[in-house]
Amino acid sequence: MDFPDDILYTKEHEWVRIENGKARIGITDYAQKELGDIVFVELPEVGSEVTAMEPLGVVESVKTVSDIYSPVSGKVLEINDELESIPELVNSSPYEKGWMIVVKMNDKEELKELLSAEMYTKYVEEEIQ
Amino acid sequence: MGFPKLKRTSLYEAHKSLKAKMINFNGWEMPLQYSGILDEHRAVRSSVGIFDVSHMGEIIIKGRDAFNLLQFLITNDVSKLKDNGCQYSVMCYPDGGIVDDLIIYRFSSEEFMLCVNASNTEKDYQWILGNLDTAKLKASVTNVSVDNISDTISQISIQGKSAEAVLQKISDIDLSVIRHYCFKKCNIDSAESIVSRTGYTGEDGFEIYSKDNVVGIWDRLLEKGKEYSIKPVGLGARDTLRLEMKYPLYGNDINEKTTPLEADLGWVVKFDKGDFIGKDVLKKQSETGATQKLVGFEIIDKGIPRPHYPIFKEKERIGEVTSGTLSPSLGRGIGIGYVKTEVSTVGEEIDIEIRGGYQKAKIVSTPFYKGRG
């Protein structure tokens with residue numbers, strides 16, 4: 001599994017990448033593998049507000065429905081429209097083409113609650129056992 | 001103290017070496033998927049796949065009165081079944097609720113095998129034993145033995161248009177002589193087996209029952225099937241394949257509270273064959289009409305129906321989804337569920353409540369997957 005070290009992680013298996021002060025959000029390689037074939041992604045509308053550790057949308061695999069938790073609070077600036085027609089991008093490219101939303105953060109302090117790649121790797125290894 | 005240990009099939013190690021994702025399915029540790037549900041689904045629809053279904057139960061009913069016992073226990077007419085024939089049926093409680101759905105295999109007029117759902121095997125076996133006295137009284141059943149042989153039998157299903165070509169390579173008889181819903185005893189990879197042309201996918205295919213050499217059969221099918229791009233298929237794709245055909249799944253779509261008439265299984269209930277358990281209630285229901293019916297629907301726009309999502313018609317709740325998925329073949333959300341009979345006709349527009357919002361859906365003719373035609 002691939003956990004790049006330029007991004008931060010949640011224990012709910014989302015990631016966030018800080019780009020010019022904005023937060024780009026998606027789900028991790030571990031999450032997409034666990035879910036299996038992703039067939040539907042429901043995202044918030046541009047302009048809506050998301051709250052840290054509250055659901056921002058859902059991702060559905062063939063078998064299951066899972067909430068996506070927002071790693072940070074703020075206003076949604078962009079959503080990945082492509083996922084509506086090609087949800088499998090979350091499987092094939094979880095950190096690049098499979099990104100979900102970009103958020104203008106309200107409080108950068110929230111980032112301190114998130115895990116580094118090293119911490120997340122360890123967390124996932126423990127979860128597997 | 002400890003959790004009950006999950007049961008494993010003879011193919012457990014084979015699944016592990018194929019890197020299957022395993023799940024607890026009603027107390028059995030079974031493969032959910034290998035390469036992925038969509039990939040496995042497509043393999044079966046386009047060529048061929050194999051399934052380990054050894055968790056299914058097998059019960060042998062034998063003796064001079066075996067036929068009479070079966071006629072009394074199940075709703076279909078066993079007199080229509082010939083030697084080497086299979087028949088789909090349900091077994092009901094006196095109130096018409098379903099004990100299980102099953103396939104009957106007739107070896108002779110005095111020997112039958114029932115293939116039953118894994119989760120129901122023990123319940124079915126006890127139900128049959130518990131009704132022997134009643135059967136003696138009401139159907140003159142005296143000479144019969146009932147054996148649950150599930151622990152000694154493994155079952156592999158091979159499904160898809162290339163199934164016959166692959167299985168033929170390790171079979172000692174000409175499989176083309178086995179017609180739909182018929183079976184033969186033969187050797188598969190030198191192991192004594194029962195091979196029936198049956199399945200749970202809507203494709204042509206076979207189910208192989210064997211006591212010995214199950215791992216050998218599995219490995220040889222994967223090896224011989226390479227030229228047909230054979231894939232091992234887990235319970236995930238087994239579910240999407242059966243749902244595209246609207247084949248009911250016990251526990252989801254049918255249970256002890258639903259009758260076969262409500263479940264759209266009236267075709268396996270034969271009132272003109274003599275007495276059977278549940279007949280009185282079912283006869284009455286067939287005369288007055290069932291108040292709910294199991295229908296298939298497609299989501300018109302977007303969204304995927306899931307079990308227990310409420311179904312509405314003009315804001316009135318008319319039922320509940322029992323199974324739903326994204327149909328890999330149609331690329332749309334499909335589902336089945338019970339709705340009030342007066343709003344159960346094909347073409348009826350309904351709403352499925354998904355996460356608090358209504359999604360438009362339409363009752364459609366089934367199977368959803370019309371396939372090869």
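**Fold of chain A and aromatic pairs in the predicted model**

Read from the N terminus, the elements of chain A follow the order β-β-β-α-β-β-β-β-β-α-α-β-α. That gives chain A four helices and nine strands. The model described here is a predicted one, and the values below should be read in that light.

The overall dimensions of chain A are a good place to start. The C-alpha trace spans about 35 × 35 × 20 Å along its principal axes. A compact globule of 129 residues would have a radius of gyration near 14 Å, and chain A, with 13 Å, agrees with that expectation. Of the 129 residues in chain A, 51% are buried. Contacts within chain A also reach across the sequence: when pairs at least 6 residues apart are considered, 62% of the contacts join residues at least 24 apart.

Turning to the surface, chain A exposes about 6,500 Å², and 45% of this area is supplied by carbon and sulfur atoms. As for charge, chain A carries 29 negative and 12 positive side chains. The centres of these two sets of charges lie 5 Å apart.

Aromatic side chains deserve a closer look. Over all chains, the structure holds 12 aromatic pairs. One of them joins A:Phe3 and A:Tyr9: the ring centres are 6.1 Å apart and the planes meet at 80°, and because an angle over 60 degrees counts as edge-to-face, the pair falls into that class. A:Phe3 has a relative accessible area of 14%, which is under the 20% limit, so this residue is buried. A:Tyr9 is buried as well, with a relative accessible area of 0%.

Chain B offers a further example. The rings of B:Phe107 and B:Phe183 are also arranged edge-to-face, with 5.4 Å from centre to centre and 90° between the planes. B:Phe107 belongs to strand β6 (residues 98–108) of chain B, whereas B:Phe183 belongs to strand β10 (residues 183–188) of chain B, so this pair ties together parts that are 76 residues apart in sequence. Both B:Phe107 and B:Phe183 are buried. These two residues are also part of a wider arrangement, as ring pairs link B:Phe107 and B:Phe183 with B:Tyr105 and B:Tyr209 into a cluster.

How values were computed. Residues are numbered from 1 along each chain as its sequence is written. Chains are lettered from A and ligands numbered from 1 in the order in which they are written. This is a predicted model: local features need pLDDT of at least 70, side-chain atom pairs count only at pLDDT 80 or more; totals for chains, interfaces and linings use all residues. Side-chain values use heavy atoms; hydrogens and water are left out. Helices (H or I, at least four residues) and strands (E, at least two) are DSSP runs, numbered from the N terminus. The radius of gyration is taken over C-alpha atoms; the globule rule is 2.2 Å times the number of residues to the power 0.38. Buried means under 20% relative accessible area, exposed over 50%, partly exposed in between (1.4 Å probe, protein chains only). Contact means heavy atoms within 4.5 Å. Accessible areas come from the Shrake-Rupley method with a 1.4 Å probe; for residues, only the protein chains shown count as cover. Lys and Arg count as positive and Asp and Glu as negative; His and the chain ends are not counted. The place of a charge is taken as NZ of Lys, CZ of Arg, CG of Asp or CD of Glu. Rings of Phe, Tyr and Trp (its six-membered ring) pair if their centres lie within 6.5 Å; planes under 30 degrees apart count as stacked, over 60 as edge-to-face and the rest as tilted.
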